[in-house]
Amino acid sequence: MRGRLLRIVCAVLPAALAVVLSPAGAQAAAPVDYVALGDSYSSGTGAPPYLSGSCYRSSRGYAQLWANTHEVSSFKYAACGGATTQSMTDQFASLDAGTDLVSITIGGNDVGFANTMVTCVTGSDTSCVNAVNTGIETARTTLPGRLDATYATIRDRAPNATVVVLGYPHLVEPDGTCMSATKRTALNRGSDELHAVISARAAAAGVRYVDARAHFAGHGACGRSPWINSFSLFRLVESFHPNATGYAQGYLPLLNSATS
């Protein structure tokens with residue numbers, strides 16, 4: 001009896017020790033149910049071709065890239081170009097108690113992103129600065145409550161999920177070749193104000209916020225190594241959105257850092 005027991009222990013012990021001591025024996029992470037919410041910066045606008053025309057969802061967007069490179073049991077690509085905090089109802093329907101991970105960029109359209117960009121490209125320095133200031137005022141007064149409601153809804157519908165809020169980068173290089181220095185400064189100041197508001201509301205909601213500005217530094221539109229598309233009349237919807245490199249080398253590493 002004693003000899004038999006010894007043989008069993010000798011047979012089982014090496015395998016048990018391998019599981020405990022060897023990294024290869026560590027338990028693999030469970031696949032996750034991932035839902036990508038948000039606006040054009042989350043749908044991959046700016047990096048064609050698109051999976052769906054109306055929302056400009058791209059397989060080159062950071063959300064699809066993350067799903068391609070991680071163990072996922074399901075992936076719902078709900079983000080849609082043009083989305084605001086007030087137009088998220090259909091996106092929220094993708095969430096449930098089984099959702100493990102939610103990523104989102106939201107708020108830029110609430111403060112007039114598209115109109116501000118067109119004004120700054122086509123108008124005077126004064127009109128650009130005024131447009132940015134109007135957006136900043138909206139960001140400070142109206143956006144906080146809208147973000148609070150958005151994050152609360154996500155928490156309510158996906159109570160078990162890790163929620164990652166990604167910020168917006170500076171859109172143009174400070175010493176870039178497009179527009180005037182005054183306009184470039186104003187636009188980047190607008191990004192700074194958005195960062196301040198979004199990061200504060202994310203913190204208040206207890207969700208993770210990732211600042212995109214430092215990682216994108218040196219890669220704004222009109223610079224030497226742009227990760228953001230410059231203005232184009234022929235690609236108007238893609239103007240001032242990340243290109244394929246911006247999603248792959250810009251946003252994807254940021255989401256990786258928040259989920260590793």
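Here are some notes on this predicted model, taken point by point.

1. **Overall make-up.** Let's start with the whole chain. The protein chain contains ten helices and seven strands. Of its 260 residues, 45% are buried. If you take the contacts between residues at least 6 apart in sequence, 71% of them join residues at least 24 apart.

2. **The annotated pair.** Which residues does the UniProt annotation "active site" cover? The record, an unreviewed entry, gives Ser40 and His241. They are spread over 202 residues of sequence, yet they cluster in space, with a largest C-alpha distance of 7.8 Å. Of these residues, Ser40 is included in the lining of the largest cavity. It's also worth looking at the side chains here: those of Ser40 and His241 are joined by a polar contact of 2.7 Å.

3. **Around Ser40.** Ser40 sits in helix α2, which covers residues 40–43. Is Ser40 buried or exposed? Its relative accessible area is 7%, so Ser40 counts as buried, the cut-off being under 20%. Setting aside residues up to four places away in sequence, Ser40 touches Thr45, Cys80, Gly81, Gly82, His241 and Tyr247.

4. **Around His241.** His241 comes from a loop, the one between α9 (213–216) and α10 (244–259). With a relative accessible area of 5%, His241 is buried too, because that value is under 20%. Leaving out neighbours within four places in sequence, its contacts are Ser40, Tyr41, Thr45, Gly46, Phe113, Trp227, Ile228 and Asn229. Note that Thr45 turns up in the contacts of Ser40 and in those of His241. Keep Phe113 in mind as well, since it is in contact with His241 and comes back in the next two points.

5. **Helix α5.** Helix α5 runs over residues 113–122, and Phe113, Thr116, Met117 and Cys120 are buried in it. Why do these buried residues line one face of the helix? Seen down the axis of α5, they fall within an arc of 100°, so they share a face. The background is simple: an α-helix has 3.6 residues a turn, so residues three or four places apart point the same way. Turned away from that buried side is a face carrying Asn115 and Thr122, which are exposed. As for partners, the buried residues of α5 pack against α2, α6 (125–141) and α8 (181–205).

6. **The cavity.** How many cavities of 30 Å³ or more are there? The count comes to one. The largest cavity has a volume of about 300 Å³. Its lining is made up of 22 residues, and those nearest the centre are Gly108, Val111, Phe113, Gly190 and Leu194. The elements giving two or more residues to this lining are α2, α5, α6 and α8. Which element gives the most to the lining? That is α8, with five residues. If you're looking at the helices together, remember that α2, α6 and α8 are what the buried residues of α5 pack against.

7. **Backbone spots to check.** A few places deserve a look, given that most residues other than glycine have a negative phi, and most peptide bonds are trans. Pro48 and Pro49 are joined by a cis peptide bond, with omega at about 5°. Pro49 belongs to the loop between α2 and β2. Tyr56, which isn't a glycine, has a positive phi near 55°. You'll find Tyr56 in the loop between β2 and β3, and it is partly exposed at 29% relative accessible area. Cys222 isn't a glycine either, and its phi is positive at about 70°. Cys222 lies in the loop between α9 and α10, which is also where His241 is found. Cys222 is buried, with a relative accessible area of 12%.

8. **Ser54.** One more serine to look at is Ser54, in the loop between β2 (50–52) and β3 (57–58). Ser54 is exposed, with a relative accessible area of 65%, whereas Ser40 is buried at 7%. How far apart in space are Ser54 and Cys80? C-alpha to C-alpha they are 7.9 Å apart, with their positions 26 residues apart in sequence. Cys80 is also one of the residues that Ser40 touches.

Definitions and conventions: Residues numbered from 1 in each chain as written. Predicted model: local features only at pLDDT ≥ 70, side-chain atom pairs only at ≥ 80, totals over all residues. Heavy atoms only, no water. UniProt positions renumbered as here; feature names shortened; annotations may be inferred. 1 Å grid on protein atoms, 1.4 Å probe; cavity = no way out; pocket = protein on both sides within 12 Å on 5 of 7 lines; lining within 4 Å. Helix = DSSP H or I, 4+ residues; strand = E, 2+ residues; numbered from the N terminus. Buried < 20%, exposed > 50% of the residue type's maximum accessible area, 1.4 Å probe, protein only. Contact = heavy atoms within 4.5 Å. Polar contact = N/O pair within 3.5 Å; in protein donor to acceptor, adjacent residues only side chain to side chain. Arc of directions from axis to C-beta. Points joined across faces, edges and corners; volume = space filled by probe spheres on them.
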